[in-house]
Amino acid sequence: MTIALPTDVIPTSMTPRLISRRRDLTPTFGGPVTRIQRLGSRWAIDFEMPPMAYVQAMKWIAALTAGEGDTVSIKIPQPFFDVGSPGTPLVNGGSQLGTSINIDGLSSTYKAHAGQWFNLTASSRSYLYQVAEDKTAASGVMAGLKFNPMIRRSPADNSAVNFAAPVIEGWLGGNDTSWTVDNAMWTGIKFTIEERE
């Protein structure tokens, strides 16, 4: 069961990192390097939290500690960016793979912006993607929205596409479980979430 981290405190810092599965093939006797983009690249994000009140700190420490054995999720802050009103976007057609997707159910002329985050859902799990180029819907349909990285699990037809409040869902990174209420209150805490797939 995924543990949803509290929403009462917004991270002060978020550093996304693409965990790439690409491979570069370098010829032994010279020649051009060939880059192979392989399935499995995913996101990890380092979060820094501000100092919190005691009751808030208790709640956050409890949620992070629960994440020792379960996946966790947190809403992706997109400061200074207005997501707008995306409507009720859905995957338009099953078995889609690669780095573009067809979507319907959007607001009539919704515009997705390069760098914007969104989720695709497959097998009840949220996968995080980043829009690769600006694209505007036509009559609520967006054909071939480009994004990164490649689709890891193909979403079913009519699966929800989450532009409004995307999350990263995955494991807490590393073995650092030294979060304390005191640290959360006085200096803030840090943690990393890495998508499991």
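Here are some friendly notes on the sheets, the helix and the aromatic residues of this predicted model.

1. A word on the ground rules. Residues are numbered from 1 along each chain as its sequence is written, and side-chain values use heavy atoms, leaving out hydrogens and water. As this is a predicted model, local features need pLDDT of at least 70 and side-chain atom pairs count only at pLDDT 80 or more, while totals for chains, interfaces and linings use all residues.

2. Let me start with the mixed sheet. Six strands make up an open sheet in the order β1-β6-β15-β16-β5-β2, with mixed pairing. At its edges stand β1 and β2 (13–19), each with a single partner strand, so one side of each has no neighbour in the sheet. Strands here (E, at least two residues) and helices (H or I, at least four residues) are DSSP runs, numbered from the N terminus; two strands pair if DSSP finds at least two bridges between them.

3. Following that sheet inward from β1, you meet a parallel pairing: strand β1 (residues 3–4) is joined to strand β6 (residues 72–75) by two bridges, and A4 stands opposite S73 in β6. On to strand β15 (residues 167–172), which pairs with β6 in the antiparallel sense over four bridges. There, V72 has G170 in β15 as its bridge partner.

4. Another antiparallel pairing in the same sheet links strand β5 (residues 42–48) with β16 over five bridges. If you would like a landmark, D46 has T192 in β16 as its bridge partner.

5. Where does helix α1 meet this sheet? One link is aromatic: W60 lies in helix α1 and F191 in strand β16 (residues 190–195), so their pair ties together parts that are 131 residues apart in sequence. The ring centres are 6.3 Å apart and the planes are at 35 degrees, so the pair is tilted. Rings of Phe, Tyr and Trp (its six-membered ring) pair if their centres lie within 6.5 Å; planes under 30 degrees apart count as stacked, over 60 as edge-to-face and the rest as tilted. W60 is buried at 0% relative accessibility, and F191 is buried too, at 4%. The cut-offs are under 20% relative accessible area for buried, over 50% for exposed, and partly exposed in between (1.4 Å probe, protein chains only).

6. Helix α1 (residues 54–66) also includes Y54, which is partly exposed at 47% relative accessibility. Y54, V55 and M58 make a nonpolar surface patch of about 320 Å². Patches consist of residues with over 30% relative accessible area and no salt bridge, with nonpolar side chains (Val, Leu, Ile, Met, Phe, Trp, Tyr) joined within 5 Å and like charges within 9 Å. A salt bridge is a side-chain nitrogen of Lys or Arg within 4 Å of a carboxyl oxygen of Asp or Glu. Accessible areas come from the Shrake-Rupley method with a 1.4 Å probe; for residues, only the protein chains shown count as cover.

7. Now the antiparallel sheet. Its six strands form an open sheet in the order β7-β8-β13-β11-β10-β14. Here β7 (87–91) and β14 (161–162) are the edge strands, each with a single partner, so one side of each is left without a neighbour in the sheet. Strand β10 (residues 117–122) runs antiparallel to β11, joined by six bridges, and N119 has L128 in β11 as its bridge partner.

8. S126 deserves a look as well. This residue sits in strand β11 (residues 125–131) and is buried at 18% relative accessibility. Not counting residues up to four places away in sequence, S126 touches N119, L120, T121, V167, E169 and E195, where contact means heavy atoms within 4.5 Å.

9. Finally, the aromatic count: the structure holds eight aromatic pairs. Y110, F118, Y129, F147 and F163 form one aromatic cluster.
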